[in-house]
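Good morning, everyone, and thank you for making time for this. I would like to take you through one protein chain slowly, beginning with a single residue and working outwards.

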Amino acid sequence: MTDIKTAIERNLNLVAYKLERKFPDQVPIIVIAITQGLRMLNRDLATVMLDYRDAVRFNGVVMNEAYRVLRSLGYRIKYFRGEPMTHILSGRAELVSHHERLRALIL
């Protein structure tokens, strides 16, 4: 399970990097995702939010771009009623290695 969480967080880092390059006036951007147990094996995230400019956001232009990038990485944002939320994962642009930055920019 740790490997899957690590992979999701690595992808959230890529999303944060992409967003910070596209919206430099909103930096820093933290991408936060909440999962529901084993649903993350199927690349399902219960919810996603962004933290930037001292507020947590669930909608807007930057959020729409985050959803688009996550979909391009194969994720679905879907909450399954009655199932507990199990993990809070986050991504930050500064955690993206130099060799991963090009990948993030082409998403």
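**One residue in a strand, and what surrounds it**

If we set aside its neighbours within four places in sequence, Thr-35 is in contact with Met-40, Leu-45, Ala-46, Pro-84, Met-85, Thr-86, His-87 and Leu-89. Before I go further, please keep in mind that what you see is a predicted model.

Where does Thr-35 sit? Thr-35 has its place in strand β1, and in β6 the bridge partner of Thr-35 is His-87, a residue that you will also have heard in the list of contacts. Is Thr-35 buried or exposed? Its relative accessible area is 0%, and because anything under 20% counts as buried, Thr-35 is buried.

Let me now widen the view from this residue to the strand that holds it. Of the 6 residues of β1, 6 are buried, so this strand is largely enclosed by the rest of the structure. For those of you who are new to strands, a general point helps here: in a regular strand, side chains alternate between the two faces of the sheet. In β1 both faces are covered, with Ile-30, Ile-32 and Ile-34 buried on one side, and Val-31, Ala-33 and Thr-35 buried on the other.

Which strands pair with β1? One of them is β6, which pairs with β1 (residues 30–35) in the antiparallel sense over 6 bridges, and here Ile-34 stands opposite Ile-88. Another is β3, which also pairs with β1 in the antiparallel sense, over 5 bridges, and there Ala-33 stands opposite Val-48.

The strand β6 gives us a useful contrast with β1. Along β6 the side chains alternate, so that His-87, Leu-89 and Gly-91 point to one face and are buried, whereas Ile-88, Ser-90 and Arg-92 point to the other face and are not buried.

**From the end of β6 back to the helix**

If you follow the chain beyond β6, you come to Val-96, which is found in the loop between β6 (87–92) and α3 (98–105). Val-96 is buried, with a relative accessible area of 3%. Leaving out residues up to four places away in sequence, Val-96 touches Asn-13, Leu-14, Tyr-17 and Arg-101. It may help to picture the distance involved: Val-96 and Lys-18 are 78 residues apart in sequence, and yet their C-alpha atoms are 10 Å apart in space.

Let us look from the other side of that contact, at Asn-13, which has its place in helix α1 (residues 2–22). Asn-13 is buried as well, with a relative accessible area of 10%, and, apart from its neighbours within four places in sequence, Asn-13 is in contact with Ser-90, Gly-91, Arg-92, Ala-93, Leu-95 and Val-96.

**Unusual backbone values in the loops**

I would also like to point out a few backbone angles, and the background is that most residues other than glycine have a negative phi, and most peptide bonds are trans. Against that background, a cis peptide bond joins Val-27 and Pro-28, with omega about -5°, and Pro-28 is found in the loop between α1 and β1.

Arg-43, in the loop between β1 and β2 (44–45), has a phi near 65°, a positive value in a residue other than glycine, and at 33% relative accessibility Arg-43 counts as partly exposed. Arg-53 lies in the loop between β3 (47–52) and β4 (55–57); its phi is about 55°, again positive although Arg-53 is not a glycine, and at 55% relative accessibility Arg-53 counts as exposed.

**The whole chain**

Finally, let us step back to the protein chain, which has 3 helices and 6 strands, following the pattern α-β-β-β-β-α-β-β-α along the sequence. How does its radius of gyration fit with its number of residues? For 107 residues a compact globule would have a radius of gyration near 13 Å, and the protein chain has 13 Å, which agrees. Buried residues make up 44% of the 107 residues. Among contacts between residues at least 6 apart in sequence, 70% join residues at least 24 apart, and the contact of Val-96 with Asn-13, where I paused earlier, is one that you can look for in the structure yourselves.

Methods: Residues numbered from 1 in each chain as written. Predicted model: local features only at pLDDT ≥ 70, side-chain atom pairs only at ≥ 80, totals over all residues. Heavy atoms only, no water. Helix = DSSP H or I, 4+ residues; strand = E, 2+ residues; numbered from the N terminus. Buried < 20%, exposed > 50% of the residue type's maximum accessible area, 1.4 Å probe, protein only. Contact = heavy atoms within 4.5 Å. Rg over C-alpha atoms; globule rule 2.2 N^0.38 Å. Pairing = 2+ DSSP bridges.
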